[in-house]
Amino acid sequence: MTSDAFSGQQRRAELPFGARLGAAMQARGRLCVGLDPHPQILNEWGLTQDAAGLREFCARVLEACADRVGVIKPQVAFFERFGVAGLQVLSEVQAQARESGLLVIADAKRGDIGSTMAGYAEAWLNPAGDFAADALTVSPYLGFGSLQPALDAAQEHRAGLFVLALTSNPEGREVQLATDAQGVTVAGHIATAAAAANISAAAAEDLGSIGLVVGATTAELAGSHGIDLSAGAMPLLAPGYGAQGASAEDLRRGFGACYSRQVLVNSSRGILAAGPRPESLTRAIDQAVEDLG
Ligand SMILES: O=c1ccn([C@@H]2O[C@H](COP(=O)(O)O)[C@@H](O)[C@H]2O)c(=O)[nH]1
């Protein structure tokens, strides 16, 4: 376990997301704890299926994360399912997490065109907004160019984006590994475009602020399909470790040389299953941080 005065929110006014994420990973390791209050876990923790249950669940997870990890990823769907009351909890939890120094990646997978995309980006990336996060997951399947308003908002607000590229689920391959006439995959085009968005912005020693979602379960497909994950110092958010079956070894093998500098590993159910006892939860977090190296 690490114990230090690190805060991912320090100097947000000056430092872009990539720099703050790089510092968080150096100080606290590469584990991102997923805040996924799914129905079964609320039951298992003896919590009610309502906003009060959500609030208590999140308070316990945030307490376990304190001084241990640098990044959390709330899964927005599990808050949306409780309507306005759930979104109120999400807003409070994100603000509380950021106040405590954690970086927050809102997993909302937003994607649209023009002013609508700009609306989503403002909602999630403006630090003055109700749902202010440090970074947002976005879908490029309306064309990477449709994300331009989000790229602009990320730069303006010193926030980050994680663009879906090679998602952890097996069904993603039929779309993401489809090829054009030159044999370049959809995921390859997305990786090239995201890397290019970083080139001008990222200082050589920092991570960029525009990253990709590449599953822990699918990372090895990048190498076998000619997808370059190393360009542009992209942060790579890797869900799929733990409950979806990928091990730390799979991650190291799958990401190869990119692993040590670029990969942030999400675990949700794999950590949460250790609760609700605080000691078991913190032990699971410490173990994952150590395993992921
Ligand atoms: O490709 C993706 C993109 C996002 N996710 C999300 O990550 C977590 C994974 O949860 P686990 O319990 O650790 O499996 C969840 O919120 C997914 O919606 C993903 O799994 N794969």
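## Contacts and overall shape

Long-range pairing dominates here: among contacts in the protein chain between residues at least 6 apart in sequence, 76% link residues at least 24 apart. Two residues count as in contact when their C-beta atoms, placed from the backbone, lie within 7 Å. Bear in mind that this is a predicted model, where local features need pLDDT of at least 70, side-chain atom pairs count only at pLDDT 80 or more, and totals for chains, interfaces and linings use all residues. Numbering starts from 1 along each chain as its sequence is written.

The protein chain has 14 helices and eight strands, taken as DSSP runs numbered from the N terminus (helices H or I, at least four residues; strands E, at least two). Its radius of gyration, 18 Å, agrees with the value near 19 Å for a compact globule of 293 residues; that figure is taken over C-alpha atoms, and the globule rule is 2.2 Å times the number of residues to the power 0.38.

## The nonpolar core

Of the 293 residues, 50% count as buried, meaning 20 or more other C-beta atoms within 10 Å of their own (12 or fewer is exposed, in between is partly exposed; C-beta atoms are placed from the backbone). The largest nonpolar core has 93 residues, a core being a set of buried Ala, Val, Leu, Ile, Met, Phe, Trp, Tyr and Cys residues joined through C-beta atoms within 7 Å. Helix α9 (residues 186-199) chips in the most, with seven residues.

Val163, Leu236, Ala238 and Ile285 touch the most other core members. Leaving aside neighbours within four places in sequence, Val163 has contacts that include Val138, Leu147, Ile190 and Ala194.

## Lys109

The unreviewed UniProt entry puts an "active site" at Lys109; UniProt positions follow the numbering used here, feature names are shortened, and annotations may be inferred rather than shown by experiment. Lys109 sits in strand β3 (residues 103-110). Why is Lys109 partly exposed? Because 17 other C-beta atoms lie within 10 Å of its own. Beyond four places in sequence, Lys109 is in contact with Thr137, Val138, Ser139 and Leu164.

## Around the ligand

The shell holds 19 residues, with Gln75, Thr167, Pro239, Ser268 and Arg269 coming nearest; a residue is near if its C-beta atom, placed from the backbone, lies within 6 Å. Elements giving two or more residues to the shell are β8 (263-267) and α13 (269-272).
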